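Please look through the following structure step by step. The paragraphs below move from the whole chain to single residues.

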Amino acid sequence: AFDYEGYNAQKELPLVSLSCTPDGLRFSQLAKACGAEVMQYFDKQVGESRGFPQKDMIVNLMMNIGQSLGPSDCFVFFYGGHGMGSMNADDDGDEEDGQDEELCFVDPDGHYNPMKDDDIADLLINYFNPETQILFVTDCCQSGTVCDLSREEFGDRPIAHMAAVKDSQYATDLGDGGAFTTSLLETIEDMVEEGDADFSIVHVYNKCFQKYDADGQFEDQT
């Protein structure tokens, strides 16, 4: 998770400060409660962070994890931070709007080093077992297709992506976390309290959308 504070994160782009750290902490807490092995990375020293989330390190880590997983395993990736349409033209012609989507990773010195949708798709296709269940959750702007799951190479792989907004939309930061992550975690909490312990991603998504859009301020974002 990125808050973009305390270092020169605005060196190359106007990446305003966010409040994504609470999201990352709450999401990791949920994962631990489910018995998952959790690795946390924040751009500030909090909790059990393993260090600064530099893109190259995260990519290498995902490669190693992907190669270690099999058909009975599940991989969950959560990202909280900025997202945007690339400022560079789509170089492989796979985008209808001519623009790649990217997660706004930066280095500790403020250098902008984004993780593009093509990078993510290549990672999932080339380094993960086709039968490993994968869930991506991105609470950031313009991230609806940041996994490029429409690529033919994915076939019928068990992969799902839950994004805060579509590629053309902007996510909402509440000052103590993102609106989407807050709604998602509250939805899961409500479902468990109601005795619903076995639910699908579709069920969670539909319930979360109802909560996310309940008061209208997030209308048509999901």
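Helices and strands are here runs assigned by DSSP, with at least four residues for a helix and at least two for a strand, and they are numbered from the N terminus. With this in mind, Tyr-4 can be placed in the segment before helix H1, which covers residues 21–33. The model is a predicted one.

The overall plan comes next. The secondary structure of the protein consists of five helices and six strands. When the sequence is read along its length, these elements follow the pattern α-α-β-β-β-β-α-β-β-α-α. The C-alpha trace spans about 50 × 40 × 35 Å along its principal axes. How does the radius of gyration of the protein agree with that of a compact globule of 222 residues? Such a globule would have a radius of gyration near 17 Å, and the protein has 17 Å, so the two agree.

Other totals describe the interior and the surface. Of the 222 residues, 50% count as buried. Among the contacts with a separation of 6 or more, 62% are made by residues 24 or more positions apart in the sequence. The accessible surface of the protein comes to about 11000 Å², and carbon and sulfur atoms hold 47% of this surface. The protein has 12 positive and 45 negative charges, and the mean positions of these two sets are 5 Å apart.

Helix H3 shows how one element is packed. This helix covers residues 117–127, and its buried residues are Asp-117, Asp-118, Ile-120, Ala-121, Leu-123, Leu-124 and Ile-125. What do the buried residues of H3 pack against? Their partners are helix H2 (55–68), strand S3 (99–103), strand S4 (115–116) and strand S5.

The loop between H3 and S5 contains Thr-132. Is Thr-132 buried or exposed? Thr-132 counts as buried because its relative accessibility is 1%, and the cut-off for a buried residue is under 20%. Leaving aside neighbours within four places in sequence, Thr-132 is in contact with Leu-69, Gly-70, Pro-71, Asp-73, Phe-75 and Pro-158. Thr-21, by contrast, is 111 residues from Thr-132 in sequence and 28 Å from Thr-132 in space, C-alpha to C-alpha.

The cysteines may be considered next. A disulfide is a covalent bond between the sulfur atoms of two cysteines. How many disulfides does the structure hold? The structure holds zero disulfides. A pair of cysteine sulfur atoms counts as a disulfide within 2.5 Å. For Cys-140, the closest cysteine sulfur is in Cys-141, at 7.0 Å, and this is too far for a bond. For Cys-147, the closest cysteine sulfur is in Cys-140, at 9.8 Å, which is also too far for a bond. Cys-140 is buried, with a relative accessible area of 1%, and Cys-147 is buried with a relative accessible area of 1%.

The backbone angles offer another point of interest. Most residues other than glycine have a negative phi. Tyr-4 is not a glycine, yet Tyr-4 has a positive phi of about 60 degrees. Tyr-4 counts as buried because its relative accessibility is 1%. Asp-148 likewise is not a glycine and has a positive phi, of about 50 degrees. Asp-148 is found in the loop between strand S5 (133–139) and strand S6, and Asp-148 is buried, with a relative accessible area of 6%.

Two further residues complete the tour. Asp-176 lies in the loop between strand S6 (159–163) and helix H4 (179–193). Which residues does Asp-176 touch, not counting residues up to four places away in sequence? Asp-176 touches Ser-19, Pro-22 and Arg-26. Val-59 and Asp-176 are 117 residues apart in sequence and 28 Å apart in space, C-alpha to C-alpha.

Phe-209 belongs to helix H5, which covers residues 201–212. With a relative accessible area of 29%, Phe-209 is partly exposed, because this class lies between the buried cut-off of under 20% and the exposed cut-off of over 50%. Phe-209 and Gln-99 are 110 residues apart in sequence, and their C-alpha atoms are 27 Å apart in space.

Terms used:
Residues numbered from 1 in each chain as written. Predicted model: local features only at pLDDT ≥ 70, side-chain atom pairs only at ≥ 80, totals over all residues. Heavy atoms only, no water. Buried < 20%, exposed > 50% of the residue type's maximum accessible area, 1.4 Å probe, protein only. Rg over C-alpha atoms; globule rule 2.2 N^0.38 Å. Contact = heavy atoms within 4.5 Å. Areas by Shrake-Rupley, 256 points an atom, 1.4 Å probe, with all protein chains shown as cover. Lys, Arg positive; Asp, Glu negative; His and termini not counted. Charge placed at Lys NZ, Arg CZ, Asp CG, Glu CD.
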